[in-house]
Amino acid sequence: MTASSLSRRRFLKQSAGLAAAASLGPNLLLRGQDTAGKRLNIAVIGALGKGQVDTGKVCLDHNIVALVDVDSERLAKAGKGWEKKLKDAGQTPPQAPKMYADFRKMFDEMAKGIDAVIVSTPDHTHYVAAMRALKYGKPVAVQKPLCNTIWEIRDLHRAAKEAGVLTQMGNQGRTMEGQRLAKEWIDQGAIGTLKEIRLWTDRPLWPQGPLTKTHPECPGNVDWDLWLSVESKEPYFEFEGPTVAAAQAKRGKDWHPGVHPWNWRGWWQFGSGALGDMGCHIMDASFSILGQQIPIKIDVESAPITMLNGPVWTRLAYHFAASEKHPALTVSWHDGKLESGQVNKPERDPRVPEAVFDKASSGMMFIGTDGVVFEPDAYCEHPVIFPEERFADVKKEMADGRIKKTEARSPMPDNPQGEWAHCITNGGTPSSNFDYAAPLAEFVSLGNLAIRSGQAIEWDKKAMKVTNLESANQFVKRPSYRSGWL
């Protein structure tokens with residue numbers, strides 16, 4: 001046997017060993033070390049806004065070694081915010097994070113010094129940023145809705161399983177006590193037979209509907225080419241349209257009609273509308289309670305849409321086949337505000353008090369034969385049961401053990417990024433790891449397939465295809481990816 005063939009044989013053996021090890025526990029970078037209590041070196045891609053919130057969830061227990069943002073002003077603010085967070089907690093800030101505009105350059109220069117990566121960019125960059133992290137074998141936490149096409153969601157899930165690293169999606173309700181209680185109540189018959197689920201949100205809070213691009217000069221602090229990332233090159237743009245004036249009045253003088261840093265959500269190429277913003281929160285409990293099923297059909301009604309933008313309001317009906325636990329039922333989704341200015345809400349179940357229902361700009365109703373689980377917020381953090389007499393009985397049944405705690409609890413409630421980092425160093429499985437989060441994100445994204453198609457769709461999960469409307473399949477995958485990003 002030649003030296004070269006022996007070397008190759010040794011390499012293949014070692015590679016197989018690493019692959020096997022990857023499936024057994026935390027980050028490969030931590031193998032052979034005492035991982036309990038270790039401070040991870042974390043890179044954050046998308047530094048301000050939600051990125052800064054996500055940084056704050058982990059920076060007191062772990063090291064932020066890199067911050068990435070295409071906006072130099074926001075990047076500098078994020079660095080100052082990180083320093084203030086530590087000082088306010090009585091910690092001496094260690095070496096400042098390295099600052100980058102381009103996450104590709106960050107990985108090229110310091111991949112060996114990074115243990116894990118948080119992705120908090122606009123939706124269209126989630127896939128390429130997370131895939132770059134996975135190619136380097138890094139555990140990754142990605143903001144909801146994971147990706148803004150179903151093909152990307154599935155491919156990212158595939159790549160994460162092959163990498164064998166711990167993953168997480170940033171839907172904090174999945175870590176909370178309330179969602180677990182709601183599932184235990186319904187699973188154990190607290191409201192009888194579950195017949196229907198109604199969900200709603202007042203989003204979008206940004207302009208949607210018909211919008212027209214304008215082309216002012218790009219702000220000097222924004223690297224527009226990097227912001228576009230995978231999308232085809234086009235000049236910097238802002239926009240105008242019927243919903244812009246209302247947004248300006250609501251958000252104040254600092255708001256401007258540009259897709260950066262916040263208004264990208266209403267543009268199909270960059271975001272995924274109200275569903276992408278709130279669906280992975282508000283639909284999460286439903287997805288869990290229904291056994292992580294994917295709907296077979298979705299009906300749709302909406303305000304006008306365009307090929308560029310989502311509508312200002314939407315009504316969806318997700319149809320689910322019967323399962324071992326539940327009969328065939330529908331999950332309805334209402335979003336936005338109607339032309340009258342009223343929040344587009346579903347019909348109130350008469351057992352829910354009108355005054356309680358009216359206060360809920362977002363929420364959920366799990367409607368059963370014997371009661372309703374009601375949550376007047378997005379995360380199912382504090383669910384209650386109506387009628388109140390039934391809720392009083394359920395509390396007694398919980399106290400005496402007739403209704404049991406069957407769902408695993410999170411070690412870090414309301415902190416998905418912290419939970420993920422905790423699992424990397426201490427073992428365990430994050431609540432919204434991609435095995436759970438990818439199908440949830442697909443469930444949510446199917447609504448956008450129906451919205452963009454303008455009519456009911458029937459979904460073949462195995463084939464990843466709309467079966468009744470071929471034109472809808474053009475929205476399953478991004479049309480193209482700019483060279484240099486994959």
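Where is the place of Pro387? In this predicted model, Pro387 sits in the loop between β15 and α13. The bond that leads into this proline deserves a look as well, since the peptide bond from Phe386 to Pro387 is cis, with omega near 0°. A second case is found at Pro261, where the peptide bond from His260 is cis, with omega near 10°. Pro261 belongs to the loop between α9 (244–251) and α10. As a reminder, most peptide bonds are trans, and most residues other than glycine have a negative phi.

Backbone angles of another kind stand out at two further loop positions. Gln292, in the loop between α11 (284–289) and β10, has a positive phi of about 60° although it is not a glycine. Asp414 likewise has a positive phi, of about 65°, and is not a glycine; its place is the loop between α13 and α14. Gln292 has a relative accessible area of 37% and is therefore partly exposed. For Asp414 the corresponding value is 33%, so this residue too is partly exposed. The loop between α13 (388–399) and α14 (416–426) also holds Gly401, which is partly exposed with a relative accessible area of 29%. From Gly401 to Leu308 the C-alpha to C-alpha distance is 53 Å, with these positions 93 residues apart in sequence numbering.

The strands offer a good way into the fold. An open sheet is formed by nine strands in the order β15-β14-β13-β7-β12-β11-β10-β16-β17, with mixed pairing. Its edge strands are β15 (384–386) and β17, each of which pairs on one side only. Towards the β17 end of that order, β10 (residues 297–302) and β16 (residues 457–460) are antiparallel and share two bridges. Within this pair, Ile298 has Ile457 of β16 as its bridge partner.

Strand β13 (363–368) can be followed in more detail. How many of the six residues of β13 are buried? The count is six of the six, so the strand is largely enclosed by the rest of the structure. In a regular strand the side chains alternate between the two faces of the sheet. In β13, Gly363, Met365 and Ile367 point one way, while Met364, Phe366 and Gly368 point the other way, and all are buried. On the β7 side, β13 runs antiparallel to its partner and is joined to it by six bridges, with Leu199 standing opposite Met364. The pairing of β13 with β14 is antiparallel too, through four bridges, and here Ile367 stands opposite Val372. Three residues separate β13 from β14, and the two strands form a hairpin.

Helices pack against these strands. Helix α7 (residues 177–187) lies across β7 (194–201), β13, β14 (372–375) and β15, and runs at about 170° to β14. Helix α10 (residues 273–282) also packs on the sheet, where it touches β7, β11 (313–320), β12 (329–336) and β13. The direction of α10 makes about 135° with that of β12.

Helix α10 has a helical partner as well. It packs with α15 (residues 434–453) at an angle of about 145°, and the two axes are 9 Å apart. The crossing of α10 and α15 is right-handed. From α10, the contact involves Leu275, Gly279 and Cys280, which meet Leu440, Ala441, Val444, Gly447, Asn448 and Ile451 of α15. Sorted by class, this contact has six nonpolar, three polar and no charged residues.

Cys280 comes up again when the cysteines are considered. A disulfide requires a pair of cysteine sulfur atoms within 2.5 Å, and the count in this model is zero disulfides. Cys147 is in no disulfide, and its nearest cysteine sulfur, that of Cys280, is 10 Å away. Is Cys147 buried or exposed? Cys147 counts as buried because its relative accessibility is 0%. Cys218, by contrast, is partly exposed, with a relative accessible area of 23%.

Finally, the segment after β17 (465–466) contains Ser471. This serine has a relative accessible area of 42% and is therefore partly exposed. The C-alpha atoms of Ser471 and Ser453 are separated by 7.4 Å, the two residues being 18 residues apart along the chain.

How values were computed:
Residues are numbered from 1 along each chain as its sequence is written. This is a predicted model: local features need pLDDT of at least 70, side-chain atom pairs count only at pLDDT 80 or more; totals for chains, interfaces and linings use all residues. Side-chain values use heavy atoms; hydrogens and water are left out. Buried means under 20% relative accessible area, exposed over 50%, partly exposed in between (1.4 Å probe, protein chains only). Two strands pair if DSSP finds at least two bridges between them. Contact means heavy atoms within 4.5 Å. Axes are lines fitted to C-alpha atoms, for helices over the stretch in contact, and angles run from 0 to 180 degrees between N-to-C directions. A crossing is left-handed if the near helix is turned anticlockwise from the far one by less than a right angle, and right-handed if clockwise. Ala, Val, Leu, Ile, Met, Phe, Trp, Tyr, Cys and Pro count as nonpolar, Asp, Glu, Lys and Arg as charged, and the others, Gly among them, as polar.
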